[in-house]
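Work through the exercises below with the model open beside you. Each task is followed by a stepwise solution.

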Amino acid sequence: MAKLVWFRHDLRTLDNPMLSYASHSGQPIYGCYLITTKQWQRQNHSPLRNQYVLNRLCALRQELHDCHIPLIVKSCDDYDHSIDELKALCLKLNIDEVLIGAEYGLWERQRDEKIRTELASQSIQLSSFTSQLLIAPGELVTGKGLPYRVFTPFSKAWKAQLALHDHPPLSAPNQAPININIDEGLDNEELARLADGESRWPVAQQQVLNHLSHFIKNKVSDYQQSRDFPNEPATSRLSAALAHGVFSSAQALYLLKQSYPNQYLDPKSGPGCWLNELIWREFYIQLLAQFDAISQGLTFKSETRAIKWDNNPQALSAWQQGKTGIPIVDAGMRQLNEIGWMHNRVRMICASFLSKNLWLDWREGEKYFMSKLIDGHLASNNGGWQWSASTGTDAAPYFRVFNPVSQSQKFDPKGDYIRRWVSELASLSPAQIHEPSDEVRQKLNYPLAIVNLKQSRKQAIERFAAQTKSD
Ligand SMILES: Cc1cc2nc3c(=O)[nH]c(=O)nc-3n(C[C@H](O)[C@H](O)[C@H](O)COP(=O)(O)OP(=O)(O)OC[C@H]3O[C@@H](n4cnc5c(N)ncnc54)[C@H](O)[C@@H]3O)c2cc1C
C-alpha cells in the first residue's frame with residue numbers, strides 16, 4: 001500500500017502538511033498533478049499563469065526527486081476527467097490514501113466531494129489538509145458563530161489565534177529511495193514543451209525562498225511608506241508564488257516573526273503592514289470558502305444585484321488595451337498586458353475606473369484581469385474587484401470613486417511609472433504627464449480621455465444610490 005499526494009495549490013516540498021503526514025506513515029509516497037487545460041480555459045486562467053504552473057512542475061519534480069518521491073503529471077482536460085484519472089492512478093499504484101490540500105472554490109469543493117465518493121467505493125480514503133492558509137475557514141467565527149464578513153475584526157481574531165500556529169515550518173519529507181519504475185504521464189521534455197517557454201518569474205522553491213528572505217531582511221521595513229508607489233520596487237512581487245503555494249503563509253510569518261519579533265503585529269510598522277496584506281489574502285479565501293455567491297459570479301451584497309451596468313464594448317476594449325486617455329489607467333493596463341502583473345494601487349485605480357467612471361460590469365474587469373494575471377486567484381481577484389466596485393463585503397463605500405489623476409499625482413509624482421509603460425508620454429514633464437492637454441495628446445498621438453471624470457463620478461454615485469435596493 002502507498003500514499004498519493006495530489007498537488008494543486010501547494011506546489012512545494014517544504015511546509016507541506018500532506019507530504020509531512022505521508023512521510024510519517026512509513027509507506028511509499030507518490031506525488032501527482034493533473035493538468036486540466038479545458039478547465040483552466042473555462043476559468044479564464046492566463047497563458048502566463050499556465051506557463052508558470054507548468055514550469056513550476058518541472059522544478060517541483062526535481063525537488064521531489066531529491067526526496068526520492070516521483071511526481072506523476074498527467075493531462076486530463078477538466079475536473080470530471082480528473083476524477084477518472086485519479087481513480088485509475090490509485091488502482092495502478094496500490095494507493096490506500098490520497099492526500100490533498102483543500103481548495104475553496106465551489107467547483108473545486110464539488111469535484112473533491114465526487115472524488116471522495118468515488119475513492120471510497122474502492123476503499124481508498126481522501127484526506128484533506130489546510131495548505132493554502134494558515135488558519136482554515138471555519139476556525140475563526142464571530143461571537144454569533146458566523147463567518148467574518150469584515151476585515152478588521154477578522155484580522156484581530158486571526159492574530160489572536162496565532163499562538164496555536166506558532167511552530168517552525170515543516171521540513172521536507174525524506175523517503176528512503178524506493179525502486180519504482182513508473183511509466184505514467186508526461187516526462188520533463190513533454191512538460192517543458194507544454195509550458196511553451198520559460199517563466200519570467202522564478203519557479204525554483206529555493207530561489208523563491210531566497211527572494212522572500214531578501215524582501216523580509218531588506219525591504220519590509222520600508223513597506224508601509226513605499227508600498228503605494230507603483231514605480232518603487234517596494235512590494236514583494238511574491239503573489240504568483242503564494243497563489244500557487246510555492247511557499248506558505250506560515251513560512252512567511254515565521255521569517256517575519258523571527259526578524260521583527262516586536263513589530264510584526266503592529267500594522268503601523270513595515271512588517272506589520274505586510275502581514276496585514278497576507279491576512280487580506282486569508283480573509284478573501286475564507287470568504288470564497290464560505291459564500292458560494294463568489295464562485296457563482298454574484299455580487300456579495302445582494303442589494304447591489306439590481307444594478308444595471310452599461311454595455312459599451314468600445315469603452316471596455318479601450319480599457320483592456322490601455323487606450324482610455326487616462327495615463328495612470330493606461331500605464332496599469334499596459335503593465336498587465338505586458339508582464340501579467342500590476343501594482344496593487346494601480347489595480348485599485350483601474351478597477352474603480354472601469355466600474356465607476358465607465359459604469360461597466362466589474363465582472364468584465366475581473367474576467368479580463370484573470371485572463372492576464374500571472375497571480376490570478378479567484379478569491380483575491382474577486383475580492384479586489386468587489387471591493388473596488390462597492391458590491392463586496394467590507395468594500396469601498398459607493399461614493400468613494402478614485403480620481404485617477406490625483407491618485408497618479410500622489411503616487412507617481414514624477415510620472416516615472418506612466419513614462420515607463422506609456423511610451424507616447426515619455427517626453428512629458430511631471431506637470432503635464434498626469435493629464436496632458438488636448439494639443440499635447442494630438443501631437444503625441446495619445447487618445448483623448450474616453451470619459452469626463454468629474455461627470456462620470458457624479459453619475460456613478462447617483463446611479464449606485466438609485467439602483468441598489470435593500471432586501
Ligand atoms: C482589482 C484587484 C484584483 C486583484 N487580483 C489579485 C489576484 O488575482 N491575485 C492576487 O494574489 N492578488 C490580487 N490582488 C491583490 C494585490 O493587488 C496583489 O496581491 C499584489 O499586488 C501582489 O503584489 P505583491 O506580491 O508585490 O504584494 P505585497 O504587497 O508584497 O503583498 C504580499 C502578499 O499579500 C497578498 N496581498 C497583498 N495585497 C492583497 C490584497 N489586497 N488582497 C489579497 N491579497 C493581497 C498577496 O499574496 C501578496 O503577494 C488584486 C487587487 C485588486 C485591487
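Two strands pair if DSSP finds at least two bridges between them. The model used here is predicted.

**Exercise 1. Pair the central strands**

Task: find which residue of β2 stands opposite L4, and state how many bridges join β1 and β2.

Solution.
- Step 1. Look across from L4: Y30 of β2 stands opposite.
- Step 2. Count the bridges: β1 and β2 share four, in the parallel sense.
- Step 3. Turn to β4 (residues 95-101), which pairs with β1 (residues 2-6) over five bridges, again parallel. There, A2 has I95 as its bridge partner.
- Step 4. Move on to β2 (residues 29-35) and β3: five bridges join them, and the two run parallel. L34 has K74 as its bridge partner in β3.

**Exercise 2. Assemble the sheet**

Task: give the strand order of the sheet and name the edge strands.

Solution.
- Step 1. Strands of a sheet pair through backbone hydrogen bonds, either parallel or antiparallel.
- Step 2. Five strands form an open sheet here, and the pairing is parallel. The order reads β3-β2-β1-β4-β5.
- Step 3. β3 (71-75) and β5 (125-129) each pair on one side only, as edge strands.
- Step 4. On average, neighbouring strands are turned by 25 degrees against each other, direction ignored.

**Exercise 3. Judge the burial of two strands**

Task: state how many residues are buried in β2 and in β3.

Solution.
- Step 1. Apply the cut-off: buried means under 20% relative accessible area.
- Step 2. In β2, seven of the seven residues are buried, so the strand is largely enclosed by the rest of the structure.
- Step 3. In a regular strand the side chains alternate between the two faces of the sheet.
- Step 4. Sort β2 by direction: I29, G31, Y33 and I35 point one way, while Y30, C32 and L34 point the other way. Both sets are buried.
- Step 5. Compare with the edge strand β3: four of its five residues are buried, and β3 is mostly covered.

**Exercise 4. Describe a helix pair**

Task: describe how α8 and α11 pack, by angle and axis distance, and name the contact residues.

Solution.
- Step 1. Two packed helices are described by the angle between their axes and the distance between the axes.
- Step 2. For α8 (residues 205-218) and α11 (residues 249-259), the angle is about 35 degrees and the axes are 10 Å apart.
- Step 3. The crossing of α8 past α11 is right-handed.
- Step 4. α8 contributes L209, L212, S213 and I216 to the contact. α11 contributes Q251, A252, L255, L256 and S259.
- Step 5. Class the residues of this contact: six are nonpolar, three are polar and none is charged.
- Step 6. Check burial in α11: S249, Q251, A252, L253 and L256 are buried. Their cover includes α8, α10 (239-243) and α12 (270-290).

**Exercise 5. Examine loop residues**

Task: decide whether L358, H165, H68 and S123 are buried, partly exposed or exposed.

Solution.
- Step 1. L358 sits in the loop between α15 (344-357) and α16 (362-372). Its relative accessible area is 9%, so L358 is buried. Beyond four places in sequence, L358 touches D310, A315, W319, F353, I450 and V451.
- Step 2. H165 belongs to the loop between α6 (151-160) and α7 (188-195). At 18% relative accessible area, H165 is also buried. Its contacts beyond four places in sequence are L134, I135 and E139.
- Step 3. H68 lies in the loop between α3 (47-66) and β3. Its relative accessibility is 32%, so H68 counts as partly exposed. H68 is not a glycine, yet has a positive phi of about 65 degrees.
- Step 4. S123 is in the loop between α5 (106-120) and β5. With a relative accessible area of 65%, S123 is exposed. S123, not a glycine either, has a positive phi of about 60 degrees.

**Exercise 6. Take the whole chain**

Task: state how the radius of gyration of the chain agrees with that of a compact globule.

Solution.
- Step 1. Tally the secondary structure: 22 helices and five strands.
- Step 2. A compact globule of 471 residues would have a radius of gyration near 23 Å. The chain has 23 Å, so the two agree.
- Step 3. Add the extents: the C-alpha trace spans about 75 × 50 × 50 Å along its principal axes.
- Step 4. Note the burial: 56% of the 471 residues count as buried.

Definitions and conventions:
Residues are numbered from 1 along each chain as its sequence is written. This is a predicted model: local features need pLDDT of at least 70, side-chain atom pairs count only at pLDDT 80 or more; totals for chains, interfaces and linings use all residues. Side-chain values use heavy atoms; hydrogens and water are left out. Axes are lines fitted to C-alpha atoms, for helices over the stretch in contact, and angles run from 0 to 180 degrees between N-to-C directions. A crossing is left-handed if the near helix is turned anticlockwise from the far one by less than a right angle, and right-handed if clockwise. Contact means heavy atoms within 4.5 Å. Ala, Val, Leu, Ile, Met, Phe, Trp, Tyr, Cys and Pro count as nonpolar, Asp, Glu, Lys and Arg as charged, and the others, Gly among them, as polar. The radius of gyration is taken over C-alpha atoms; the globule rule is 2.2 Å times the number of residues to the power 0.38. Buried means under 20% relative accessible area, exposed over 50%, partly exposed in between (1.4 Å probe, protein chains only).
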